[in-house]
Every structure is written in C-alpha cells, then in structure tokens.
Amino acid sequence: MKKEVISKLDIYKIKKPEELLKYYQDWTDNNKYNKDMVDWNYTAPQETVSVLKKYALDKNSKILDAGCGTGLVGIQLKKYGYLNIEGVDFSQSMLNLVPQNIYQKIEKDRKSTRLNSSHSE
C-alpha cells in the first residue's frame, strides 16, 4: 500500500484491540473494505500468489492464510489452483465477507489480544 494511503488511515494509530475490532467492524459496513482495496489498487494478494507460485509448487500444499480478512488472498490462491487453504482472522465482520468455498476451513482467532507495536508508530 502506498505511503500516502497509509498516512491517511487511522488504523495505524490504534493501540487497543477493542478499538481495532471496532475499526474493522465499521470498515466492513456496506463492503467498504473491499471497495477501498479496489480503489487503492491493493496488490498484496496478487503479489502473495506470485511468491507462492515460485516456492509452493505442489498445489495441494496446506496454506494458512493468517489474518485472512475478507479472503482477498484466498481468492487469488484459488484462481491459481491452490485448494488446501485455511483462513483465520480476529475480526468476525471481516470473515463475514469471505466468499463461500474459498477456504476449506475458516475460523475466528479468539486469542489475538495484543497489537503489534508497529501499528502504533
């Protein structure tokens, strides 16, 4: 994501897990998160698959999409024939937007209670 976009996001100022969950709940209203990713030309899902295609040659390799959000990486992985994908995220509102049949298993991570200090810099 471009630096000018990052500087505009309040998410990088959040210090408490409850605030982060609320932020994602609000961001997923009316599918705004996915719309923003398209508007911002967010390419991380495609870049992730590009790297995996080089090193995970076995399309049956088990892949954990940690922090899967709305499933953008999982969607790309499935397009390229990776089928053994599991997703986990701490935001139920994000998981609610994951399309059906992307992940073999998807679950909410109930243990994420700390924020990485890089979010508060």
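This note comments on the fold, two of the helices and one pocket of the structure shown above.

1. Status and overall fold. The model is a predicted one. Its chain contains six helices and three strands. Read from the N terminus, these elements follow the order α-α-α-α-β-α-β-α-β.

2. Burial and surface. The chain has 121 residues, of which 33% are buried. The area that the chain exposes is about 8300 Å², and carbon and sulfur atoms account for 49% of that area.

3. Contacts along the chain. Consider the contacts between residues at least 6 apart in sequence: 51% of them join residues at least 24 apart.

4. Helix H2, its length. Helix H2 covers residues 17-28, which is twelve residues. From the first C-alpha to the last, H2 reaches 17 Å, and this is close to the 16 Å expected at 1.5 Å a residue. After H2 comes Asn-30, which has a positive phi, near 55°.

5. Helix H2, its buried side. Which residues of H2 are buried? They are Pro-17, Leu-20, Tyr-24, Trp-27 and Thr-28. These residues lie on the same side of H2, because they cover an arc of only 90° around the axis. The partners against which the buried residues of H2 pack are helix H3 (32-39) and helix H6 (92-95).

6. Helix H5, its buried side. In helix H5 (72-79), the residues Val-73, Gly-74, Gln-76 and Leu-77 are buried. Why do they fall on the same side of H5? The reason is that they cover an arc of only 160° around the axis. The cover over the buried residues of H5 includes H4, strand S1 (63-66) and strand S2 (85-89). Just after H5, Gly-81 has a positive phi of about 90°.

7. The second largest pocket. This pocket has a volume of about 190 Å³. Its lining is made up of Asn-34, Met-37, Val-38, Asn-41, Tyr-42, Pro-45, Gln-46, Leu-72, Ile-75, Gln-76 and Lys-79. Three helices, namely H3, H4 (44-55) and H5, each supply at least two residues of this lining. Which helix gives the most to the lining? It is H5, with four residues. Gln-76 deserves a second look here, as a residue that is buried in H5 and that also lines the second largest pocket.

8. Gln-46 in helix H4. Gln-46 has its place in helix H4 and is one of the residues lining the second largest pocket. Is Gln-46 buried or partly exposed? Its relative accessibility is 38%, so Gln-46 counts as partly exposed; the class of partly exposed residues lies between the cut-offs of 20% and 50%. Gln-46 and Leu-72 are 26 residues apart along the chain, and 8.9 Å separates their C-alpha atoms. Leu-72 is also among the residues that line the second largest pocket.

9. Glu-47 in helix H4. Glu-47 lies in helix H4 as well. Glu-47 counts as partly exposed because its relative accessibility is 48%, and the value above which a residue would be called exposed is 50%. How far apart in space are Glu-47 and Gln-76, C-alpha to C-alpha? The distance is 9.6 Å, while in sequence Glu-47 and Gln-76 are 29 residues apart.

Methods:
Residues numbered from 1 in each chain as written. Predicted model: local features only at pLDDT ≥ 70, side-chain atom pairs only at ≥ 80, totals over all residues. Heavy atoms only, no water. Buried < 20%, exposed > 50% of the residue type's maximum accessible area, 1.4 Å probe, protein only. Contact = heavy atoms within 4.5 Å. Areas by Shrake-Rupley, 256 points an atom, 1.4 Å probe, with all protein chains shown as cover. Expected span 1.5 Å × (residues − 1). Arc of directions from axis to C-beta. 1 Å grid on protein atoms, 1.4 Å probe; cavity = no way out; pocket = protein on both sides within 12 Å on 5 of 7 lines; lining within 4 Å. Points joined across faces, edges and corners; volume = space filled by probe spheres on them.
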